[in-house]
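Here is a protein model I would like to talk through with you, one question at a time. Shall we take a look?

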Amino acid sequence: MPRIEIVTDIAAPIERVFDFARSIDVHQESQTRHGEKAVAGRTSGLIEAGETVTWEATHFGVRQRLASRIDAMTKPVHFRDSMISGAFAGFVHDHHFEEIPSGTRMTDVFDYTAPLGVLGRLADVLFLERYMRRLLEERNEVIRRLAEDA
């Protein structure tokens, strides 16, 4: 399973960063270039443990749906979302939050398996890992900007 880890320091209180990270509305704002929209389950506000959300977005020129569930949550230090249906063979995304002197350190750990077996592994090497890293970095930049400006 490939793993992407991203650390983002944010000059804002941990509770604010945690809430922005689990906000459906903030996520949609961070992915506007892909037309990402919550279409089922929790479709706005703050997602909670046990809830699901289904996203619809265009990636690689194809309209796709992906559903995930919040499998674990310890406010305000961690939550985990896992894919329950979608284009990946599977993924688990852990969101960790830690107070630091300048505010909050947000760490994403995204473990995923590309679809299509050996073709998926080839796609991962050629472009998928970079694409997913960029999506997460774009999301984190929006979270950072909004949390620091609030």
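What follows is a friendly exchange about the fold, the largest pocket, some salt bridges and a few local details.

Me: Before we start, what kind of model is this, and how are its residues numbered?
Reply: This is a predicted model, in which local features need pLDDT of at least 70 and side-chain atom pairs count only at pLDDT 80 or more, while totals for chains, interfaces and linings use all residues. Side-chain values use heavy atoms, with hydrogens and water left out, and residues are numbered from 1 along each chain as its sequence is written.

Me: In what order do the helices and strands run from the N terminus?
Reply: Helices (H or I, at least four residues) and strands (E, at least two) are DSSP runs, numbered from the N terminus. The chain has three helices and seven strands. Their order is β-α-α-β-β-β-β-β-β-α.

Me: What is the radius of gyration of the chain?
Reply: The C-alpha trace spans about 45 × 30 × 30 Å along its principal axes. The radius is taken over C-alpha atoms, and the globule rule is 2.2 Å times the number of residues to the power 0.38. For 150 residues that rule gives 15 Å, and the chain comes close to it, so it is as compact as a globular protein of that length; its radius of gyration is 15 Å.

Me: What share of the contacts between residues at least 6 apart in sequence join residues at least 24 apart?
Reply: Contact means heavy atoms within 4.5 Å. Among contacts in the chain between residues at least 6 apart, the share joining residues at least 24 apart is 50%.

Me: Which element gives the most to the lining of the largest pocket?
Reply: A pocket is an open set of points on a 1 Å grid over the protein atoms alone, where a 1.4 Å probe fits, with protein on both sides within 12 Å along at least five of seven lines; lining residues have an atom within 4 Å of a point. The largest pocket holds about 780 Å³ of space, a volume being the space filled by probe spheres set on the points. It is lined by 39 residues, with E36, L66, F88, F91 and M132 the closest to its centre. Elements giving two or more residues include α2, β4 and β6, but the top contributor, with nine residues, is α3.

Me: How many residues of that lining are nonpolar?
Reply: Ala, Val, Leu, Ile, Met, Phe, Trp, Tyr, Cys and Pro count as nonpolar, Asp, Glu, Lys and Arg as charged, and the others, Gly among them, as polar. The lining of the largest pocket has nine polar and six charged residues, and its nonpolar residues number 24.

Me: Is T107 buried or exposed?
Reply: T107 lies in strand β7, residues 103-113. Leaving aside neighbours within four places in sequence, T107 is in contact with I6, V7, D94, H95 and H96. Buried means under 20% relative accessible area, exposed over 50% and partly exposed in between, with a 1.4 Å probe and protein chains only. At a relative accessible area of 18%, T107 is buried.

Me: Which parts of the chain does the pair of R22 and E48 tie together?
Reply: A salt bridge is a side-chain nitrogen of Lys or Arg within 4 Å of a carboxyl oxygen of Asp or Glu, and the whole structure has 18 of them. R22 forms one with E48, their closest N and O atoms being 3.0 Å apart. R22 is buried at 5% relative accessible area, whereas E48 is partly exposed at 27%. The pair ties together parts 26 residues apart in sequence, namely the loop between α1 and α2 and the loop between β2 and β3.

Me: How far apart in sequence are the parts joined by E29 and R145?
Reply: E29 forms a salt bridge with R145, with the closest N and O atoms 3.3 Å apart. E29 is partly exposed at 36%, and R145 is partly exposed at 35%. E29 lies in helix α2 and R145 in helix α3, so the pair ties together parts whose separation is 116 residues.

Me: Which residue does a cis peptide bond join to K75?
Reply: The bond has an omega of about -10 degrees. The partner's place is in the loop between β4 and β5, and its name is P76.
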